[in-house]
Every structure is written in structure tokens, then in C-alpha cells.
Amino acid sequence: MTALAVDLGSSSGRIVAGTLIDGRIDEVEVRRFPHQARFVDGYLTWDLDFIWSEVVAGLREAFSRFPHAVSVSVDTWGVDSVCLDDDFKPVVPGRAYRDERTIRTHTAFRSRLSDEAAWAATGIAPATINTANQLFAYLHEEPGAAADTAHVLLLPDYFTYLLSGQVGWSRSHASSSGLCAPGANEFNDEVFEALGIPRDWFGDVSPEHSVVGPCTVEGLEHLTVVRAGAHDTACAVHALQRDVTQESYFLSCGSWSVLGVLRDEPLLSRAAYELGLTNEARGDSGLRPLFNITGLWILQECQRQWREAGQSHDIVELIRMAEAAPSLGVTFNPDEPQFALPEGMVDRVRDAVAAEGVDAAALSQGDIVRLVLESLAARYKRGIEDLTALTGAPATQLNLMGGGSRNALLCQLTADALGIPVIAGPNEASALGSVLAQLEITGHLDPAERNDVIGATAHTVEYRPAS
Ligand code: LRH
């Protein structure tokens with residue numbers, strides 16, 4: 001039985017066909033396409049039309065190769081949404097969360113909803129990228145467009161709407177919006193009121209692991225559209241092989257390093273707030289309290305800068321250089337806001353360690369890559385210490401999933417920093433998690449068998465800490 005996962009990341013999208021055969025998932029990446037946010041009319045903007053045309057082309061190709069495919073589900077990165085008019089057409093192009101409009105309007109936002117009030121109302125860390133902040137900025141900077149807005153769909157739900165004609169607000173993605181009550185089972189009307197965001201732009205939170213309806217796109221009518229987890233990290237943790245007798249700590253490692261733990265209840269203490277914890281939702285009814293850490297984006301931006309300067313930028317080559325480079329013995333904090341912004345990243349990294357007395361101008365590419373990876377590993381160590389203090393449960397291993405699981409140096413540095421084994425893989429965790437959930441939703445996989453199927457499917461490598 002085959003399910004089709006549309007997994008959209010902030011630098012590339014992919015359409016994956018997953019077939020359950022003999023207790024394992026046979027995964028075929030049918031299409032992969034790069035994309036990136038660009039400035040349009042002064043705003044950092046996603047090309048939603050391009051992404052949609054790639055999704056349709058990918059699904060058509062997948063369906064022609066896997067005519068017995070039964071379902072499709074879309075997951076994307078968090079926090080972005082699409083503002084739509086009465087006819088469900090975008091009023092403005094899809095704005096990207098890294099746009100600085102939310103920084104410009106941050107003081108006004110906080111005067112309406114302080115960080116502490118936002119945390120108390122949502123259980124979500126008050127970050128400027130949150131959907132709530134983006135919509136507040138939209139109301140302030142583009143009042144004309146806002147007045148023409150009748151509906152707001154979260155990004156994955158926009159594509160689900162295009163596939164099915166059905167609207168909804170998927171719980172796992174809604175949980176990252178900063179608009180839901182803690183636990184993310186409903187929107188918090190008080191937050192809308194405090195910020196002046198029209199409540200009727202949204203409906204109710206849609207529970208996931210549910211059926212949406214038949215696909216209405218020509219040629220794909222045999223597919224059933226489902227909500228298998230709309231947030232990519234929610235899908236990724238569904239592909240986590242779990243020992244349910246122990247606390248499962250995970251690191252979903254891509255442009256973002258999402259470091260968290262699987263739980264049923266949110267962590268809402270004062271300490272959790274002060275540490276910057278955020279309580280996001282899983283695709284099932286559970287939660288995944290976590291830290292959203294600026295991750296391999298820092299390296300991706302360095303690669304971009306080197307490419308534009310005509311220097312080597314191939315990741316394999318860069319890692320090889322980093323392996324040969326000595327440790328500088330200093331690290332920087334990837335949480336600093338300058339590392340979240342695009343462009344000039346190599347200079348930002350140099351500046352960060354120049355302040356520590358390092359001769360920054362003399363740093364080679366290998367030095368810089370090692371420095372970025374050691375800084376991430378040091379941040380993960382702090383994050384695991386904080387998480388274990390909050391849960392009271394020790395971490396006996398860290399499951400590191402996503403693209404970063406292929407970076408052996410990062411995995412080893414992380415194991416060394418944490419002093420516990422790192423289980424790296426699966427690499428395409430979001431797509432696998434989506435496929436598993438879809439097969440469960442459509443009755444082709446018993447959830448009790450999921451762990452075994454993951455074990456038979458996922459390629460994992462164990463990194464032990466250097467003694
Ligand atoms: C990772 C991610 C992360 C953040 C960010 C905006 O793709 O979903 O969890 O929410 O995107």
C-alpha cells in the first residue's frame with residue numbers, strides 16, 4: 001500500500017512515495033526541487049505558485065509510477081501562513097518568516113501582549129517569527145491588504161485546500177503560531193483580541209491523523225487527502241523509534257535544530273519560559289516541548305556566501321576541511337539574533353569570535369565550519385541539560401533525525417558534548433513520519449506495529465561519546 005508525502009522545507013521540497021512491503025516502508029523520492037525566499041516589493045517572499053506547480057507535477061509523476069497510491073498529506077516548516085480574500089485567493093504573495101517586518105513592529109506587539117502574557121496565554125516561546133507576530137505586522141504595515149483579507153490558512157493547510165477544496169487549521173502547525181491556548185487544542189480568542197487580529201480569519205483547530213476528503217486536482221482524484229501532521233517536525237517525531245519506558249529526547253536537525261522531548265502534557269513552569277521553551281504539538285494528540293535553535297542554516301548561509309565569492313561550497317568538501325581543522329577552543333551562541341538573518345553569515349561568525357580574542361581574519365573555511373558545528377553541539381548540550389532539568393528525566397540517548405544526521409562530524413561532536421550516544425537517522429524523517437501516519441489513518445498500518453516498521457526501515461548510525 002502506498003502513501004504520498006509532500007514534504008516542504010524552507011530550502012527544498014520533495015514528493016516521496018512510501019510503500020509498506022513486508023513490514024518495512026520502501027521509500028522513493030519521486031521529485032525534489034530547490035526553492036528560496038526572495039525580496040518582492042520589499043518583503044521576503046515565498047514563490048507559492050512555483051511550489052504548487054512542483055507539488056502537482058510531483059504528485060502526477062508519483063501517481064503514474066504508483067497507481068495504487070491511496071493518500072497524500074502535506075507538511076511544511078512552521079509559522080508561515082497565507083492571507084486570502086473571499087474567494088480564497090492570496091491577497092499578497094506568501095510572506096516569509098525571516099522577513100524583518102516583525103522586528104519593526106515588535107515594540108508595538110509587546111505593548112499589546114508582553115512576552116510573559118504571550119507565554120501564559122499560549123505556552124509558546126514569544127519569538128518574532130511566530131504567526132501571531134507576522135499577522136500583527138501585516139495589519140500594521142499593509143492595512144489595505146489586511147482589510148481585503150477574509151481568511152488566513154496556515155501554509156500546509158493552504159496546499160491541502162488547493163488539493164481538496166477543504167479548509168482547516170491543522171493542530172501541529174497551529175501550535176507553532178502563537179495563537180493557540182497551551183496544549184494547542186484550540187485557538188486562544190484573548191490573543192486575537194489583544195493583538196487586534198480578526199478572529200474570523202481562522203476557524204477552529206483541526207485535529208490531525210484525520211481524513212480531509214478526496215483530491216480534486218485533475219488526474220489525482222483517486223487520492224484521499226489526509227492530515228498526517230502538517231508541521232514537518234511533527235512528522236519527523238512520528239518516525240522516531242521509541243522506547244516508551246524512557247523519555248524520548250530528539251533533535252530534528254535541518255535549517256533549524258529542533259531539540260525537544262515527547263510528552264503528553266505541556267511544560268509550563270516559569271523556568272520553562274525563562275529558558276525559551278516552546279510547547280508544540282505532535283500529529284497525534286501529544287506534544288513535543290522543544291527549543292527552536294538556529295541550526296544548519298548558519299552553515300547553509302556560509303555556503304551561499306562562499307559560492308557567491310567563487311570559493312568551494314560543497315558540503316562534503318567543507319566537512320572534510322573541518323575534520324582536519326583544529327578546535328579553536330571557543331564557540332558562539334547560535335541563538336543570537338544576527339544568526340537568524342540572511343546574508344553576510346561568514347562575517348557574522350568571524351565577528352562573534354573576534355570578540356573572544358580569536359584572529360578572525362585568519363580563519364580558514366575549515367576553521368569556520370568546525371566552529372559552527374562545535375557551537376551547535378555546545379548549544380545542544382545546554383539544551384539537553386535544560387530539558388532534563390525541566391522534565392526531571394535523564395537523557396540516556398539522543399535521536400538525531402533529518403538532514404543533519406548525515407553530517408558525521410556534527411553527530412560525533414554532539415555525542416562528545418552530551419556524553420551520551422547519538423542515534424543518527426532517519427535522514428528523511430518528515431517524509432517517513434508522514435507516510436507512517438497516512439498508512440495508520442487509512443487503516444493500512446496498526447499503530448502498535450509502527451516501532452517495528454521504523455526499525456526495519458530507518459537507516460541509523462550510533463555515535464558513542466569519546467571517552
Ligand atoms: C523547521 C521548522 C521549525 C520552526 C521553523 C519556522 O522546519 O518547522 O520547527 O518552526 O521551521
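UniProt, in an unreviewed entry, puts the feature "domain: Carbohydrate kinase FGGY N-terminal" at residues 3–236. In this predicted model, the C-alpha atoms at the two ends of residues 3–236 sit 16 Å apart. Helix makes up 34% of that span and strand 26%. As for confidence, the chain has an average pLDDT of 97, with 100% of the residues scoring at least 70. The model comes with an ipTM of 0.97 and a pTM of 0.96.

The domain assignment splits the chain into domain 1 (2–232) and domain 2 (240–425). Measuring from C-alpha centre to C-alpha centre, domain 1 and domain 2 are 25 Å apart. Where they touch, domain 1 puts in 20 residues and domain 2 puts in 19 residues. On the domain 1 side of this contact, 11 residues are polar, six are nonpolar and three are charged.

Next up is a pair of helices, helix 14 (residues 345–354) and helix 15 (residues 365–391). Their axes come within 11 Å and cross at roughly 75°. Since angles of 65 to 115 degrees count as roughly perpendicular, that crossing makes helix 14 roughly perpendicular to helix 15. Helix 14 brings Val 346, Val 349 and Val 353 to the meeting, and helix 15 answers with Ile 368, Leu 371 and Val 372. The contact between helix 14 and helix 15 is made of six nonpolar residues, with no polar and no charged ones.

Definitions and conventions:
Residues numbered from 1 in each chain as written. Predicted model: local features only at pLDDT ≥ 70, side-chain atom pairs only at ≥ 80, totals over all residues. UniProt positions renumbered as here; feature names shortened; annotations may be inferred. Helix = DSSP H or I, 4+ residues; strand = E, 2+ residues; numbered from the N terminus. pLDDT = per-residue confidence, 0-100. Axes fitted to C-alpha atoms, helices over the stretch in contact; angles between N-to-C directions. Parallel < 35°, antiparallel > 145°, perpendicular 65-115°, else oblique. Contact = placed C-beta atoms within 7 Å. Nonpolar A, V, L, I, M, F, W, Y, C, P; charged D, E, K, R; others polar. Domains from an automatic or database assignment.
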